[in-house]
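Biologist: I have the sequence and the model open side by side, and I would like a close look at one helix and its surroundings. Could you walk me through that part, and then on to the sheets?

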Amino acid sequence: MTITLTGISKVFGDFTAVHPLDLTIPEGSFFALLGASGCGKTTTLRMIAGLEEPTGGSVRLGDEDITALPPHKRPVNTVFQNYALFPHLDVSENVAFGLRRRGIGSVRKQVEEMLELVELGPLAKRKPRQLSGGQQQRVALARALINRPQVLLLDEPLGALDLKLRRQMQLELKRIQTEVGITFVHVTHDQEEAMTMADTVAVMNAGRVEQLGPPDELYERPRSTFVANFLGTSNLIEAEITEAKGEELVLKAVASDTVLRLPADRCALENPQAGGKVLVGVRPEKISLTHAEDADADTGGADNLLTGRIRDAGYLGVCLQYVVDSPVCPEFSVYEQNVERDARLTPGTEVVLRWRPAHTFALDAAQDADAGTVEEAL
């Protein structure tokens with residue numbers, strides 16, 4: 001069923017947790033509400049579940065207005081972070097609990113099908129304490145799905161798992177959602193989690209949706225500094241548009257005479273004009289870093305080029321991370337794939353940075369350049 005939120009809002013005393021927002025969650029999709037603590041994502045989920053009464057607006061499931069329906073009358077189930085399994089019941093009994101509560105007598109076949117779906121058939125007689133965190137999470141999923149809800153709500157379901165298991169469960173959740181075909185609405189603060197699983201992500205900030213779209217669109221074409229910084233890392237350069245003709249924008253960095261280019265459709269300004277102030281952005285993994293001696297004979301052609309000096313270099317296993325001091329950006333982050341390591345690229349080394357204009361984006365310079373960063377959150 002399609003979920004439609006119209007003007008939905010929630011106020012606690014003098015604090016507005018969710019400002020009026022409109023959202024449409026397509027039937028059969030995996031939808032993520034992503035944001036930091038206190039952004040309103042869990043409150044929004046609880047209003048869909050009926051666990052929180054909206055201050056204003058409506059919640060529709062398909063053509064039915066369910067705003068006033070109590071939780072137990074909504075065709076919706078919720079899986080929480082703490083799983084809430086019954087410790088005295090084994091796996092199969094935990095999964096069967098909802099059906100038995102509804103007075104359904106013969107549940108064996110349905111339980112077996114659910115345990116097969118979550119790949120826990122051989123563990124049917126184990127108690128929750130005999131299971132790993134990931135296995136307990138699968139039991140909680142099976143218990144929710146066996147009731148055949150039209151919508152499954154997931155409130156930080158992987159938050160208690162370690163990193164390796166969390167990544168494994170991300171793939172498992174996506175597989176399960178694809179197999180059962182119902183609408184999943186997933187609340188998380190973990191950017192990687194949302195981008196790995198969701199078809200559509202709503203990035204929330206201070207009770208509002210900053211940007212909505214497929215994960216790759218949000219990452220490659222952020223529309224605000226909050227989204228650019230919250231989803232990964234962005235290098236932001238203050239610049240002024242010098243030419244705005246055709247399909248390309250030409251800009252000059254404010255702190256130097258460095259010329260930068262990008263496609264006009266990758267600029268968040270509605271009507272970019274010469275003289276307009278922007279923040280030019282590029283992701284660290286889009287940049288190649290070359291020792292200055294090797295770059296002298298290569299002007300880079302149509303690439304965007306910057307010069308700088310390495311301040312710090314770190315080995316992260318999958319990549320090499322560099323922090324470069326540049327006239328246009330004091331701490332320019334670069335991630336180089338760990339393929340061929342140039343031993344000369346150490347702190348103090350002069351380097352040239354280059355990236356394609358097509359990997360560049362531009363945001364309104366009136367925004368806070370630090371919005372969405374860890375430092376800003378602290």
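Modeller: Happy to. Let us take helix α2, residues 91-101, whose buried residues are Val 91, Ser 92, Asn 94, Val 95, Ala 96, Gly 98 and Leu 99. Keep in mind that this is a predicted model. An α-helix has 3.6 residues a turn, so residues three or four places apart point the same way. With that in mind, look at Val 91, Asn 94, Val 95, Gly 98 and Leu 99, which are among the buried residues of α2. What do the buried residues of α2 pack against? Their partners are two other helices, α3 (108-117) and α4 (133-145). After α2 comes Gly 103, with a positive phi near 85°.

From α4 we can move to a sheet. Six strands make up this open sheet, in the order β6-β7-β8-β3-β9-β10, with mixed pairing. At its edges are β6 (76-79) and β10 (208-213), each of which pairs on one side only. From one strand to the next, the twist averages 20°. Helix α1 (residues 41-49) lies across β3 (30-34), β6, β7 (151-155), β8 (183-188) and β9, and runs at about 150° to β7. The helix we met beside α2, α4, also packs on the sheet: α4 touches β6, β7 and β8, and its direction makes about 170° with that of β6. Towards the β10 edge, β9 (residues 200-205) and β10 run antiparallel and are joined by five bridges. Here Val 203 of the model stands opposite Gln 211 in β10.

A second open sheet has five strands in the order β15-β19-β16-β17-β18, and its pairing is antiparallel. Its edge strands, β15 (288-291) and β18 (329-337), have a single partner strand each, so one side of each is left without a neighbour in the sheet. The twist in this sheet averages 45° from one strand to the next. Seven bridges join β17 (residues 319-326) to β18 in the antiparallel sense, and Tyr 322 has Val 334 in β18 as its bridge partner.

One last strand to find is β14 (residues 277-282), where five of the six residues are buried. Strand β14 pairs with β11 (residues 235-245) over six bridges, in the antiparallel sense, and Asn 235 has Val 282 in β14 as its bridge partner. Five bridges also join β14 to β20 (residues 360-364), again antiparallel; there, Val 280 is matched with Ala 362 in β20.

Definitions and conventions:
Residues are numbered from 1 along each chain as its sequence is written. This is a predicted model: local features need pLDDT of at least 70, side-chain atom pairs count only at pLDDT 80 or more; totals for chains, interfaces and linings use all residues. Side-chain values use heavy atoms; hydrogens and water are left out. Buried means under 20% relative accessible area, exposed over 50%, partly exposed in between (1.4 Å probe, protein chains only). Helices (H or I, at least four residues) and strands (E, at least two) are DSSP runs, numbered from the N terminus. Two strands pair if DSSP finds at least two bridges between them. Contact means heavy atoms within 4.5 Å. Axes are lines fitted to C-alpha atoms, for helices over the stretch in contact, and angles run from 0 to 180 degrees between N-to-C directions.
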